[in-house]
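Please open the model in your viewer and keep the sequence panel visible beside it. The tour below proceeds by selections, each followed by a description of what is found there.

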Amino acid sequence: MTHRIPPRSGTAFELKKGQLLTVVDPEGEQVSDLVAFSAADTREYLSSGRSIDYAGRIFLTTGDILYSNRSVPMLRIVEDEVGRHDFSLTPCSRDTFSIIYGDTDPHHGCQGNLENALAPYGIGPDAIPIAFNVFMHVAVDSDNGEIKVLPPLSKPGQKTVFRAEMDLVIAMTACSAGQSNNFRYKPIDYRIDAAVA
């Protein structure tokens with residue numbers, strides 16, 4: 001069964017070890033901020049720093065492992081039709097829209113949506129880490145380190161599939177930041193399946 005995350009919103013759910021999480025960009029050029037926590041101890045969370053360090057590169061794709069802050073595998077990318085995601089930028093927030101865009105009445109962004117989705121699991125705002133930004137296209141200048149957020153490379157219907165390496169609490173968004181989705185706010189779809197033996 002496919003679930004839809006409406007534009008500029010978020011959701012959270014449990015993902016059991018061995019289950020597959022398929023994230024789909026139904027209309028193309030949209031981003032989903034994905035965070036994960038150990039269901040056994042939510043103080044263990046998805047770590048950008050650990051994952052990038054162990055992979056030896058900043059752009060992760062098929063075969064790569066997303067590690068926790070305790071260096072334990074949480075998710076493995078088992079299929080990736082896009083091949084370009086971001087694991088460096090924090091979820092957009094009221095502050096993002098105020099500081100970067102100059103909005104005077106800013107949207108609460110992905111940070112607010114993640115906070116709302118994770119509250120029933122007892123996970124507070126300060127516990128939300130850097131997200132694995134599925135489909136997000138960030139260009140990095142290798143000489144001066146300058147970053148540019150570009151429209152995602154994902155085409156309508158393309159997907160990325162993750163396998164849970166432990167029991168997890170997952171939260172995901174349909175991104176609220178205009179730079180991330182070419183200023184066309186769209187939904188994100190996802191599906192949970194049993195792993196094929």
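How many salt bridges does the structure hold? The total is 11. The coordinates belong to a predicted model, and every value in this tour is computed from them.

**Stop 1: salt bridges**

Select D41 and R43. Their side chains meet in a salt bridge with an N to O distance of 3.0 Å. R43 has a relative accessibility of 61% and therefore counts as exposed, the cut-off being over 50%. Extend the selection to E44 and R70: D41, R43, E44 and R70 are linked in a network of salt bridges.

Next, select K16 and E14. These two residues form a salt bridge whose closest N and O atoms are 3.5 Å apart. K16 is partly exposed at 40% relative accessibility, and E14 is also partly exposed, with a relative accessible area of 43%.

Proceed to R191 and D193. Here the closest N and O atoms of the salt bridge are 2.7 Å apart. R191 counts as partly exposed at 27% relative accessibility, and D193 is likewise partly exposed, at 26%. As general background to this stop, side chains of opposite charge can pair when their charged atoms come close.

**Stop 2: the nonpolar cores**

Which residues have the most contacts inside the largest nonpolar core? Select L21, L34, L75, F162, I170 and M172, which hold that position in a core of 28 residues. Colouring by secondary structure is useful here: the elements that give two or more residues to this core are β2, β3 (20-25), β4, β6 (73-80), β7 (132-134), β10 (158-164), β11 and β12 (188-193). A second, separate core has 11 residues, among them L114, L118, A131 and V169.

Now centre the view on F162. Beyond its neighbours within four places in sequence, F162 is in contact with Q19, L20, L21, V23, L34, L66, L75, R76, I77, V78, F132 and V134.

**Stop 3: L66 and its surroundings**

From F162, move to L66, one of its contacts. L66 lies in strand β5 (residues 65-67). Is L66 buried or exposed? It is buried, because its relative accessibility is 0%. With neighbours within four places in sequence set aside, the contacts of L66 are L46, S51, L60, V72, P73, M74, L75, F87, F132 and F162. Draw a C-alpha to C-alpha distance from L66 to F87: it reads 9.9 Å, for a separation of 21 residues in sequence.

**Stop 4: S48 in helix α1**

F87 leads on to S48, since S48 is in contact with F87, S88 and I130 when neighbours within four places in sequence are left aside. S48 belongs to helix α1 (residues 48-55). Its relative accessibility is 10%, so S48 counts as buried.

**Stop 5: helix α3**

Finally, select helix α3, residues 109-118. Why is this helix described as largely enclosed by the rest of the structure? The reason is that 8 of its 10 residues are buried. The buried residues of α3 are G109, C110, Q111, G112, N113, L114, A117 and L118. To display part of what covers them, select β2 (10-15), β4 (32-38), α2 (94-99) and β11 (168-173), which are included in that cover. Of the buried residues in α3, L114 and L118 also appear in the second core of Stop 2.

Terms used: Residues numbered from 1 in each chain as written. Predicted model: local features only at pLDDT ≥ 70, side-chain atom pairs only at ≥ 80, totals over all residues. Heavy atoms only, no water. Helix = DSSP H or I, 4+ residues; strand = E, 2+ residues; numbered from the N terminus. Buried < 20%, exposed > 50% of the residue type's maximum accessible area, 1.4 Å probe, protein only. Contact = heavy atoms within 4.5 Å. Core = buried A, V, L, I, M, F, W, Y, C linked by side-chain atoms within 4.5 Å. Salt bridge = Lys/Arg side-chain N within 4 Å of Asp/Glu carboxyl O.
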